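Welcome, and thanks for taking a look at this one with me. Please have the chain open beside these notes as you read.

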Amino acid sequence: MIKKIAVLGAGTMGHGIAQVAAMSGYQVFMRDIKQDFLDSGMSRIRSSLDKFVKKGKMTSEEKESILSRIKTTLDLEEAVREADFVIEAVPEIYDIKAETFREVDKKAPEHAILATNTSSLPITELASVTSRPDKFVGMHFFNPPQLMKLVEVVRGNETSDETVKVTRDLAISMGKEPVVVAKDVPGFIVNRVLVRWLNEACLIKEREGKGLILIDSALKGKVGLPMGAFELSDFIGLDVMRDIIEAMIKRGFVLTPCKSWKELPEGGKLGRKSGYGFYDWSSGRPNIPADPSSPFDPLEVLSMAINEAAWLVRNGVASIEDVDKAVTLGLNFPKGPLRLADEWGLDKVKAIIEDKKRRYGLPEYQLDPLLEEKVSKGELGLKAGRGFYDYGLRELSFGSVVYKETPPIAWIRVNRPDKLNAINLDVVNGILRSLKEAEKDEIKVVVITGEGRAFSAGADVSMFKDLKPVEAFELSKKLNESFREIREFPKPVIAMINGFALGGGLELAMACDIRIASNKAQFGQPEITLGIMVGAGGSYRLPELVGIAKAKELLFTGDIIGAEDALRIGLVNRVVPHDKLEEETRSFALKVAERPSRSLQIYKAVMNGSPQDIESLAFGLIFSTEDSKEGINAFLEKRKPKFKGE
Ligand code: COA
């Protein structure tokens, strides 16, 4: 049972860890070698606690009681004599740490666990200077410890299961989210992944002359990283980056460091703290826009983080979930590298790494065997239903329509490629049955597309042969009502337009909320060339999208236009290269899928603006009134209601 914790070092990490421990109810002894260091550590703790009080998150009494739990001392023996757990946060120099532990080992009680907050030194080696390597562990906090949730609990070769468990539990009791690093590898999890992608960005800049802002904007805009590679390197400090990389390479990490890690610090450019690094920070944080449509592919950089993550999993250093959790919490990634790999497609990751290997031949461009194996088994990620994660792929056939689930996305594919996906009643019913399937909670977005070279080349003309006027009326009514179900489906529906979208095919696409088109797609309402007219929404949806004049032009001529023209007149939202259509659509769909589903549902209802939708929205709203409760209760209790207008 841990009650007393000794924290050695009152610097940035030490004082933060001491504060977190005291805030979690532990008695803390903070030790440093100079009174000045202790005073400054304590004053930083005080001002951090003051902020909590000011924000109303803590009372002054709580603050005082936390402070009363922290004692300071210059005497190592006094600090550790009664400690149940010792956390060392002295400078990152092996000899200093080893010397500290030699002494701690002599002075701390036999049962005490000794933990080091090192980010780069080998745990096993430090453990070996003590007489209790089984009770020695890495406990790597992230800066600032008060805010960052992640703690890497690192097992040395001789660390016991019990020590790992106690350390994990301690981290949890301190409000942290520990990840166990089962092997003492250089850089643990987070720094290995970090160094890979930061170095890769830097190498790309050096050898390919790509601009800093180009790369960083793509990483921010296309992946949602809070900072790009160069911005983050500057933020961490280029001298710190250099030291981390050197320490890891010394311990056998295979990496070809980019020249800037040495050259910039040598020229006094240390990043944010010195005012200059890759960027100019002299008047504050550089303004690097997030560019979601950047021409730079962020996978060029992040494929190396993914390859490293695969290495960690294959070598049993951490589980898939833990690698992703560590990177998400430690680097503020929106998603872990393995989850991102699944979304991008492991085949694409493999192709990029192999291309680098072919072109530049560096040893770190060796594709990890785990990635190789997954690709060869067809486990390509989200699109295959399985990659690093299992997506519970389900595929159903409804006549000429194939319905596939890769949660959170459902894919509805019209599957009559030999007839260019011409729409008949079988197709319509297949789409409707697919939509029914997509109602389940785990599906957040629906994509409709076509197999082969057409999205759909229109209503099946063979249905029109000898059609009587009344039958034609009923057919049109059926198509209109069916497409309205798409329009009013409570989740976003995206048309992924892979080729021809003509006649009823274009009307199907227009019933969707968003249209993403291949640059090879073609659009038109050629009904007039058959001597007939549109019958599935074209007369009202087309003007809604492109305006009356353009709509009339397309309807009166029956002309077929290309994707760029369709984009220009507002018929589609985006045009993307044909071979990237699925990838871009998936990434767009995933982004929307992260948004709150109720907001999306209500947006759709409001923007459809049908009398049915407006009534339903109002019906929902009326249930927020007190009078509605009163009215219903009164009826059920057989009494007269007392309405208050509330
Ligand atoms: N209804 C029924 N069958 C259709 C169809 C439609 N709307 N559109 C294409 N097909 C069939 C073709 O008849 C052909 O079938 P077949 O191989 O059994 O003869 C097959 O799909 C391939 O089409 P094809 O015309 O050979 O391809 P293409 O590349 O030469 O031409 C189009 C492509 C889209 C220009 C041409 O198929 C076309 O004009 N289709 C009709 C478009 C239309 O008028 N749509 C509105 C209907 S209301």
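The points below go from the whole chain to its sheet, its cores and its charged pairs.

1. **The chain as a whole.** Please keep in mind that this is a predicted model. The chain has 646 residues, and 53% of them are buried. You will find 27 helices and 19 strands along the way. The C-alpha trace spans about 100 × 80 × 50 Å along its principal axes.

2. **Contacts and surface.** Among contacts with a separation of 6 or more, 69% are between residues 24 or more positions apart. About 29,300 Å² of the chain is exposed, and carbon and sulfur atoms supply 53% of that area.

3. **A sheet to find first.** Look for the open sheet of seven strands, which runs in the order β9-β10-β11-β12-β14-β16-β19 with mixed pairing. Its edges are β9 (394-398) and β19 (574-576); each has a single partner strand, so one side of each has no neighbour in the sheet. On average, neighbouring strands here are turned by 20° against each other, direction ignored.

4. **Inside that sheet.** In which sense do β12 and β14 pair? Strand β12 (residues 445-450) and strand β14 (residues 493-497) are parallel, with three bridges between them. One residue to click on is Val446, whose bridge partner in β14 is Val493. As background, strands of a sheet pair through backbone hydrogen bonds, either parallel or antiparallel.

5. **A helix across the strands.** Helix α24 (residues 581-593) lies across β11 (409-414), β12, β14, β16 (514-518) and β19. Relative to β14, helix α24 runs at about 170°.

6. **The nonpolar cores.** Which residues touch the most other members of the largest nonpolar core? They are Trp197 and Phe388, in a core of 118 residues. Leaving aside neighbours within four places in sequence, Phe388 is in contact with Ala310, Ile320, Leu338, Ala341, Asp342, Leu346, Leu370, Leu371 and Lys374. Another core, of 51 residues, lies apart from the one with Phe388 and includes Val446, Ile448, Ala511 and Val572. In soluble globular proteins, nonpolar side chains tend to be buried together.

7. **A salt bridge between distant parts.** The chain has 56 salt bridges. In one of them, Arg487 meets Glu544, and the closest N and O atoms are 2.7 Å apart. This pair links distant parts of the chain, since Arg487 is in helix α19 (residues 469-487) and Glu544 is in helix α21 (residues 538-546), 57 residues apart. Is Arg487 buried or exposed? Its relative accessibility is 13%, under the 20% cut-off, so Arg487 counts as buried.

8. **Salt bridges with partly exposed residues.** Arg386 forms a salt bridge with Asp390, with 3.3 Å between the closest N and O atoms. Arg386 counts as partly exposed because its relative accessibility is 38%. Glu626 and Lys629 form another salt bridge, at 3.8 Å between the closest N and O atoms. Both lie in helix α27 (residues 626-636), three residues apart, which is about one turn of the helix. Glu626, at 44% relative accessibility, counts as partly exposed, and so does Lys629 at 42%.

9. **A charged network.** Finally, have a look at Glu200, Arg207, Glu208, Lys210, Glu300 and Lys356, which are joined into one network by salt bridges that share partners. Side chains of opposite charge can pair when their charged atoms come close.

Conventions. Residues are numbered from 1 along each chain as its sequence is written. This is a predicted model: local features need pLDDT of at least 70, side-chain atom pairs count only at pLDDT 80 or more; totals for chains, interfaces and linings use all residues. Side-chain values use heavy atoms; hydrogens and water are left out. Two strands pair if DSSP finds at least two bridges between them. Helices (H or I, at least four residues) and strands (E, at least two) are DSSP runs, numbered from the N terminus. Axes are lines fitted to C-alpha atoms, for helices over the stretch in contact, and angles run from 0 to 180 degrees between N-to-C directions. Contact means heavy atoms within 4.5 Å. A nonpolar core is a set of buried Ala, Val, Leu, Ile, Met, Phe, Trp, Tyr and Cys residues joined through side-chain atoms within 4.5 Å. Buried means under 20% relative accessible area, exposed over 50%, partly exposed in between (1.4 Å probe, protein chains only). Accessible areas come from the Shrake-Rupley method with a 1.4 Å probe; for residues, only the protein chains shown count as cover. A salt bridge is a side-chain nitrogen of Lys or Arg within 4 Å of a carboxyl oxygen of Asp or Glu.
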